[in-house]
Amino acid sequence: MKNKGFVQVFTILLALACIYQLSFTWKTRSVENKAEAWAKKTGKPAAEYLDSMGSQTVFNMLGIMKYTYMECKEKEIGLGLDLKGGMNVTMEVSVADIIKGMSNNSKNQKFIDALENAKKKFNGQVNFIELFKVEWEKIAPNEKLAPIFTNKDIKDELPYDATNQKVYDWLSKQAKQSVSRAYQIINQRIDQFGVVQPNVQELGNGRILVELPGVDDPKRVRNILQSSAKLEFWNTYHNYESWKFLESANEIVKNKLAAEEIEKNDGKKDTTKSTTLTGVNNENTNTDTSKKQGSLTQSANKKDTSKNKSPEQIKKENPVLSLIIPNTMEDPQSKQQRWADGAGIGYVPTKEMETLQKYFDMPEVKTIFPPNFLLRWSFKPTDKNRAFFMLYGIKAGRDGQPALPGDVVTSARKSVNPGGEIAVSMTMSPEGANDWRRITAQAAPTVDAVAIMLDDKIYSAPTVRSEIANGMSEISGGFDDREADDLANILKAGKLPAPTRIVEESIVGPTLGESARKAGIISLFLGFFIVVAFVFAYYGRGAWYGVIALLINLFFLVAIMAGFNAALTLPGLAGLVLTMGMALDCNVLINERIKEELLNGKSYANAVTIGYKQAFSAILDSHVTQLIAAIIMAYYGSGPVKGFAVVLIIGIFTSLYTGVLLSRLFNEWDMKRGKVCTFTTNIFSKFRNRKIYNFMSKRKILYMVSGAVILLGLASIFTKGFSTGVDFKGGWTYTVQFKDNNVTGDEIKVALNNVIKENVEVKTYGSNNRFRITTAYRIDDQRHDISEQVEATILEGLKQFKIKKKDILSSSKIGPTIAADVRKGSFISVVLAVIGIFLYIIIRFRKLEFGIGGAISLLHDVLIILAVYSLLWGIMPFPMDVDQAFIGALLTVLGYSINDTVVVFDRIREFLGFNKYDNQQDVINDAVNQTLSRTIVTAMCTILTLLMLFLFGGEGLKGFTFALLIGIVVGTYSSIFIASAIAVDFGKKKK
């Protein structure tokens, strides 16, 4: 084996990297176990303990690298919502409303008509601005758009004489910024839900994905995510002024807590809680974390008298002030600490924010605060560990209103001032400019700050140095490029609210998530043990190398997933199980070649060398074809299906490395110690195929058999059709737990038809009286509370069965635009997979008949699986929906089927090199016979693992794994009887 030393070193380094990556998962599980134990002991929620640990160092690796709990959490391998419960929401930003806002709600009738026509034709698949462009060119082909959008504030960006194409480009830029702004705002809002490991990501085409594990109030989530952003400008108090108010509050709270302590001693108990909130840093505050950590514990104007007191004593005497680290700085002249400029009062530890807020909300405290004094938190933490937030004191105007609403901002952009400093330039409307002049004139003499507040959180609080008369301002403060872009984008939120709506939603309750996780893990272990038992029974000690390689493969695979922050979903667990069955294919190919060489009289060492060498081309080709299908699945799939594809892609690379290089390494280590393996056992010693079957002579009969099944299937497809999943047709799906053991699906459907006049589908979902209800009732309704209304209607229809809200275990919504995207993406993915594999086979084998044989066999497999799903729909006792998961299974089957075909083709290529055959039919016949045992053993390994997944993997995977099982059987059949036979017939025509 060449480069043995490199393989050994690389494997050791990779193993160390994997141990490092998985250690974070181990550490977070350790902390969470302690949280559960603490929760049981104290009766408080475990989340409270985890909040307090967020910024604490919990992992000290080798005394060199220290990680907080939050940092460990970011690096652990996460679980998908289908395994732990939670809410998954896809939001769509209304580009049409953004364009309307950019036109200042233009009354131009042609513009209004073009916009309305574009809205009617928009289905989520085509860029909205492109649709608007087409409609405008139809209605007003010779008119310019620039006068509708431009004004004196943006004339530099968009001149009055700008071409229509420049306007379209400008609108695209504004729409992109609006989506980015919506992403920023949503990203900050989710911190209000107090969830661990939330996920927010832009999906493109104006869509944003939000994943919130463990949320228990979907209505609150919908309301917060869909509410418009509220941008405001507020006057502020100097931090030293605010501190004086807090000193008074400190005395009030201290006395109240002392009184409560007396009552507590009489039997009453304090039930103070702590949790986590969010905010953003201010550019005029000191964010040096090292200064926060110890020295700044008292007011900058008071002498520190707390050195000899315990933390408990300090906190008892100063319940408010002890929780705030004053925002001070060193005076450059006196070298003494003084208050920093601005409104930032001080830094508050994240875990103490709710305690402090509770004190501020006490009626006794509110009465001693001035009527116009309000306390607000920063929008974001002030440090990367999310350990501190800034507290601000703001000054309310008349009736508690802000100094200026955010919609007066007409434009904002990043700029560079004459000193070379990155800044943000902001322009206001004429009305806003007059108010802004008054506000800044009042603030400038005392260098007051003006707070920029978004959704009740302070985004920035720049100090005012001089009066600003023309409404054109510049905000500076040590920004980098991204910070300046973010602030400019946020300042546009008042003018362009970028309204969002939920187009897809999925809720999985903790009970369903827990049962899915347990079922997935059980099927994973059962699949592993049964496939290991089979290969040992078939190969004896020769299976040892493949089994060790398989264990290392799973270890590498899970660690790499953690490294890429890939969440493990239920289909992802299926991917792990499937990877085990398919990973052994490498070693099956190698072992079969070694057996052949030993039977031909080669020495053991030569047989091993030749076996690995001859098998490599087939292994490489089969992995590449599988990779083509998996990449297409990852690109066009979404959610769990994408998770399945990611596992397959990583598994393909780890299987290739461990199955070829590491198993060879183990084999050679054994040979050095004089150990020689056998690759047969007494059980299967007579299994070797000694009889030569003339498969190709029966090909026309098999053509007719396949053709008959396909025709029968097509007749069923066109008459009976499919049970299409909700992600293909759009609608609502609810999984409901019924208490009555005798209730039937027909009874449920009749009850629901009393309140829902549209079609309702009711299917059993596993055992335990669970049913899945699907309907398209009001799916086009875009009201923000439509989810609650539809759920209320479902509960109304089911009230005779005494169904409550808690009995709905999961729910999902797929909007029409999402469903259209899924249908289109599914069709394209299957077509691209067939074309991609077809082209690869032609390029790799340089024979057109091979490519045609492979492509026709893949189409044959697709049609047979579709036929089976149409024929058996309604007969099998589990859902057989044609949905996104089904398409994922179909693509996997295509990759697997061509796997077998490629092995046969590879042997044909090898035999043709011997030049001993008179016709191609004999070559193909011998190649099929030579690879028959490998084909059957590989199919058995894969079928056994899938069977465990089908039987024990839970109801959510039944339809998915059934498609895979049917596909593996059909794929094995087609690789032997269809692909090779087609190659024979096309080879004859070509000759």
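Biologist: What makes the crossing of α28 and α32 left-handed or right-handed in this predicted model?
Modeller: α28 passes α32 in a right-handed crossing. The rule is that the near helix is turned clockwise from the far one by less than a right angle.

Biologist: Why are α28 and α32 called oblique to each other?
Modeller: Helix α28 (residues 848–872) and helix α32 (residues 958–977) pack at about 135°. Angles over 145 count as roughly antiparallel, and 65 to 115 as roughly perpendicular. The angle of about 135° fits neither range, so the pair is oblique. Their axes are 10 Å apart.

Biologist: Which residues make that contact?
Modeller: From α28, they include His-860, Ile-864 and Val-868. From α32, Phe-962, Ile-966 and Val-970 are among them. By class, the contact has 11 nonpolar, six polar and one charged residues.

Biologist: Why does Ser-106 count as buried?
Modeller: Its relative accessibility is 16%. Buried means under 20%, so Ser-106 qualifies. Ser-106 lies in the loop between α5 (95–102) and α6 (109–121). Beyond four places in sequence, Ser-106 touches Phe-111, Ile-112 and Ile-148.

Biologist: How do you know that the Ser-106 side chain makes a polar contact with Asn-108?
Modeller: A polar atom of that side chain lies 3.1 Å from the backbone nitrogen of Asn-108. The cut-off is within 3.5 Å, so the distance fits.

Biologist: What makes Ala-114 buried or exposed?
Modeller: Ala-114, in helix α6, has a relative accessible area of 0%. That is under 20%, so Ala-114 is buried. Leaving aside neighbours within four places in sequence, Ala-114 is in contact with Phe-132, Glu-135, Trp-136 and Ile-139.

Notes
Residues are numbered from 1 along each chain as its sequence is written. This is a predicted model: local features need pLDDT of at least 70, side-chain atom pairs count only at pLDDT 80 or more; totals for chains, interfaces and linings use all residues. Side-chain values use heavy atoms; hydrogens and water are left out. Helices (H or I, at least four residues) and strands (E, at least two) are DSSP runs, numbered from the N terminus. Buried means under 20% relative accessible area, exposed over 50%, partly exposed in between (1.4 Å probe, protein chains only). A polar contact is a pair of N or O atoms within 3.5 Å; within protein, one must be able to donate a hydrogen and the other to accept it, and residues adjacent in sequence count only if both atoms are side-chain atoms. Contact means heavy atoms within 4.5 Å. Axes are lines fitted to C-alpha atoms, for helices over the stretch in contact, and angles run from 0 to 180 degrees between N-to-C directions. Angles under 35 degrees count as roughly parallel, over 145 as roughly antiparallel, 65 to 115 as roughly perpendicular and the rest as oblique. Ala, Val, Leu, Ile, Met, Phe, Trp, Tyr, Cys and Pro count as nonpolar, Asp, Glu, Lys and Arg as charged, and the others, Gly among them, as polar.
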